[in-house]
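I am opening a notebook page on a structure that is new to me. I will look up a few things one at a time and write down what I find.

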Amino acid sequence: MNDQEHALFNALDQYVMVLDEEMGYDVEQEKLKTAVHEFVDQYFRDSEYAAELVRADEHPPDCKWHKDWHTCDCGIFDGEQK
Ligand SMILES: [Zn+2]
């Protein structure tokens, strides 16, 4: 296990321990696993959203995208599916 994996492992360990407490101790492993999956899903949804926000800076200030993303006219979406 490398350092990052070790750090994540320990963080998960803590997270699952608190989850177990919150859910009432001796919670079935499957239920804990589902809760962790939901957390991970949320993490990726949030980072997708963060990526969208970063893109806002890539449109020039005069691009209509800032008012309504459908009306982008700077060409940043060219080659992407709308
Ligand atoms: Zn634009």
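The entries below go through the helices, the loop joining them and a few single residues.

**Entry 1: what kind of model this is**

I note at the start that this is a predicted model.

**Entry 2: helix α1**

I began with α1, which covers residues 3-22. I asked how far α1 reaches from its first C-alpha to its last. The 20 residues of α1 reach 29 Å, close to the 28 Å expected at 1.5 Å a residue. I then counted the buried residues in α1 and got zero among its 20 residues, so I describe the helix as hardly covered, taking 20 or more other C-beta atoms within 10 Å as the mark of a buried residue.

I picked E22 in α1 for a single check. E22 is exposed because it has 10 other C-beta atoms within 10 Å, and 12 or fewer count as exposed. I also took the distance from E22 to S47, which is 25 residues away in sequence. Their C-alpha atoms are 26 Å apart in space.

**Entry 3: the loop between α1 and α2**

I looked up phi angles after α1. G24 follows α1 and has a positive phi, near 105°.

Y25 sits in the loop between α1 and α2. Its phi is also positive, near 65°, and Y25 is not a glycine. Is Y25 buried or exposed? I found 7 C-beta neighbours inside 10 Å, so Y25 counts as exposed.

D26 is in the loop between α1 and α2 as well. I read a positive phi of about 50° for D26, again in a residue that is not a glycine. D26 has 6 C-beta neighbours inside 10 Å and therefore counts as exposed.

**Entry 4: helix α2**

I moved on to α2, residues 29-56. From first C-alpha to last, its 28 residues reach 41 Å, close to the 40 Å expected at 1.5 Å a residue. I counted zero buried residues among the 28 of α2, and I call this helix hardly covered too.

I chose R55 in α2 for a closer look. R55 counts as partly exposed because it has 13 C-beta neighbours inside 10 Å, which lies between the limits for exposed and buried. I then went from R55 to I76, which is 21 residues away along the chain. The C-alpha atoms of R55 and I76 are separated by 9.4 Å.

**Entry 5: how α1 and α2 meet**

I asked at what angle the axes of α1 and α2 cross. They cross at roughly 120° and come within 10 Å. I therefore enter the two helices as oblique to each other, since the angle lies over the 65 to 115 degrees of roughly perpendicular and is not over 145. The crossing of α1 past α2 is right-handed.

I listed the residues that make this contact: L12, V16, L19 and D20 come from α1, and L32, A35 and V36 come from α2. Sorted by class, the contact has six nonpolar residues, one charged residue and no polar ones. I add a general remark on spacing: an α-helix has 3.6 residues a turn, so residues three or four places apart point the same way.

**Entry 6: C74, after α2**

My last lookup was C74, in the segment after α2. Which residues does C74 contact, leaving aside its neighbours within four places in sequence? I found H59, P60, C63 and W65. For H59 I also noted the distance: its C-alpha is 6.9 Å from that of C74, with their positions 15 residues apart along the chain. C74 has 14 other C-beta atoms within 10 Å, so I record C74 as partly exposed.

Definitions and conventions: Residues are numbered from 1 along each chain as its sequence is written. This is a predicted model: local features need pLDDT of at least 70, side-chain atom pairs count only at pLDDT 80 or more; totals for chains, interfaces and linings use all residues. Helices (H or I, at least four residues) and strands (E, at least two) are DSSP runs, numbered from the N terminus. The expected span of a helix is 1.5 Å times one less than its number of residues. Axes are lines fitted to C-alpha atoms, for helices over the stretch in contact, and angles run from 0 to 180 degrees between N-to-C directions. Angles under 35 degrees count as roughly parallel, over 145 as roughly antiparallel, 65 to 115 as roughly perpendicular and the rest as oblique. A crossing is left-handed if the near helix is turned anticlockwise from the far one by less than a right angle, and right-handed if clockwise. Two residues are in contact if their C-beta atoms, placed from the backbone, lie within 7 Å. Ala, Val, Leu, Ile, Met, Phe, Trp, Tyr, Cys and Pro count as nonpolar, Asp, Glu, Lys and Arg as charged, and the others, Gly among them, as polar.
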